[in-house]
Amino acid sequence: MSNLVKCLKAPCPPLHYRTKCEQVMFSGECTPCPQCPDQQYRSGCGGFSKGICLNVTICDIGKFEVQSPTLTSDRLCISPICFIDQYEIRPMTTTTNRQCASVTACDANEYETDPPTTTTNRHCASVTACDANEYETDPPTTTTNRHCASVTACDANEYETDPPTTTTNRQCVSVTACDANEYETDPPTTTTNRQCVSCEPCESGHKLTDCDSSGSRVCEPCSTITNSVLDCSDPSSRAVVTSNHICEVARVDNCCCDEFSLLTGVDGNIGIRNDEIMIHFGTIRKIGGDVVGGAPSSGSGGSLQTVDFGQVTRIEGKLSLGQNQIGRIEFGKLAHVGVWLVLSQNSLTSIDLRAITFVGNILALNNNELTSIDFGALTSVGSWMRVNNNNLNSISFGAIRHISGFLSVENNNLTSIHFGDITHIGANLRVRNNPLLTSVDCSNLGSCLCRSSNTNPSNCPNSCTWPSSCA
């Protein structure tokens, strides 16, 4: 056995190493490893090596000591963090670990008011429950409360059209007031409207002066005075019309009033007040000028919601009721509009134009909520026709044969367009921005075509080249 092997066979105690293997009967001797200076520890002491001194580790910021240094081992530092579903409740020191706690989970009937951070818990609050006289306007989420609002109570002059639910408000509508030429057949209730029926018109040359609850009427011979102006905001003007049994007036200002609906004709214009909600033309048969309401100079629009033309057959001037809130319009016997028919920027979801045969200038029904249009007996439009920006799924041009200006049916939901009996469109044809319209047969109509790239044309004019042509 070699001297080295003999040395290895004789281990030394801790913190010693073997030396002088060639002496002491070839087993050598154990020598203490030298002690290192402060803030150092000896590494590798043992066997035939006295090891070396290494600096003791100093824990960095964010770490703490979990094992102290010894003469032969280094200090052990760690930097623990709380888990993703925990937060810190006590920070660590150089000698103690941080303390963590589980983040609170909001219950099913709670929402989070403050999210958790690394050092704060999640805060929860109970979701508000709407009271019996409230409805939900915004449902709760994990981070927002439920919002409630008080259910509307219909006024004394209103009735309920839609009852409230847990998530919708009660809808109320003003009770219809029977006009002077009407009588009540069914009184209003809290959920139904008043029902009115017109008295039978008086014979020619007479004026209806009374219409009682049974429908009985009183007719008086018409005055020969025809140059009066009825101003519905002027009591004296109204009294003149009533006391003299005037049937026809030169003009109507600040419409409307009971005296208006008992007329048989207006030679000039009818100006409708901006705050008028409902208008019924009663026994009026002819209008020699314009009917204008809405789009005031203030730009705020009119308030009209309901229009009934009753016995009117002709309007020689403009019918201009754009920029109101009209949701219902009854044309009745109206067949002739001498200049404009403008109902743009209202709230119409349906319209029956089938009695109208003539529009002398422009026809504008754009910016409503119409899903279908049937132009019925209308044969010609003296200028352009615009039905843009509705929700149209279908359009029937009825008996129309001639449109002197352009025809625009842009920004709708049309899947097809059939031009029916139309033989002439004097300017451009505009069919852009109907996403479902993949093809159009123009039937050789129009001077140029404004279309979207997804709409394939056939029998169409060339595309319009001037940007203003499609404006």
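**Exercise 1. Handedness of a disulfide**

What is the torsion about the S-S bond of cysteine 130 and cysteine 148, and is the disulfide left-handed or right-handed?

*Solution.* The model is predicted: local features need pLDDT of at least 70, side-chain atom pairs count only at pLDDT 80 or more, and totals for chains, interfaces and linings use all residues. Residues are numbered from 1 along each chain as its sequence is written, and side-chain values use heavy atoms, with hydrogens and water left out.

Step 1. Check the bond. A disulfide here is a pair of cysteine sulfur atoms within 2.5 Å. The sulfur atoms of cysteine 130 and cysteine 148 are 2.0 Å apart, and they form a disulfide.

Step 2. Read the torsion. It is about -85 degrees for cysteine 130 and cysteine 148, so this disulfide is left-handed.

Step 3. Place the two ends. Cysteine 130 sits in the loop between strand S10 (123-126) and strand S11 (134-138), while cysteine 148 belongs to strand S12 (residues 147-150). The pair links parts of the chain 18 residues apart. Strands (E, at least two residues) and helices (H or I, at least four) are DSSP runs, numbered from the N terminus.

Step 4. Judge exposure. Buried means under 20% relative accessible area, exposed means over 50%, and partly exposed lies in between (1.4 Å probe, protein chains only). Cysteine 130 is partly exposed at 25%. Cysteine 148 is partly exposed, also at 25%.

**Exercise 2. A second bond from S12 onward**

Describe the disulfide of cysteine 154 and cysteine 172.

*Solution.*

Step 1. The sulfur atoms of cysteine 154 and cysteine 172 lie 2.0 Å apart. Their S-S torsion is about -85 degrees, so the disulfide is left-handed.

Step 2. Cysteine 154 is in the loop between S12 and strand S13 (158-162), and cysteine 172 is in strand S14. They are 18 residues apart.

Step 3. Cysteine 154 is partly exposed at 24% relative accessibility. Cysteine 172 is partly exposed at 21%.

**Exercise 3. Buried or not**

Is cysteine 36 buried or exposed?

*Solution.*

Step 1. Find its partner. A disulfide joins cysteine 36 to cysteine 53, with S to S at 2.0 Å. The torsion about this bond is about -95 degrees, so the disulfide is left-handed.

Step 2. Locate both. Cysteine 36 lies in the loop between strand S2 (29-32) and strand S3 (40-43), and cysteine 53 lies in strand S4 (residues 52-55), so the pair ties together parts 17 residues apart in sequence.

Step 3. Compare the values with the cut-offs. Cysteine 36 is buried, at 11% relative accessible area. Cysteine 53 is partly exposed, at 28%.

Step 4. Widen the view. The structure holds 16 disulfides.

**Exercise 4. The largest pocket**

Which residues are the closest to the centre of the largest pocket?

*Solution.*

Step 1. Define the term. On a 1 Å grid over the protein atoms alone, where a 1.4 Å probe fits, a pocket is an open set of points with protein on both sides within 12 Å along at least five of seven lines; lining residues have an atom within 4 Å of a point.

Step 2. Take the volume, the space filled by probe spheres set on the points, which are joined across faces, edges and corners. It is about 670 Å³ for the largest pocket.

Step 3. Name the residues. Of the 30 that line this pocket, Thr176, Asn193, Met278, Thr306 and Arg328 are the closest to its centre.

Step 4. Add the strands. S14 (171-174), S16 (195-198), S24 (278-280) and S27 (306-308) each supply at least two lining residues.
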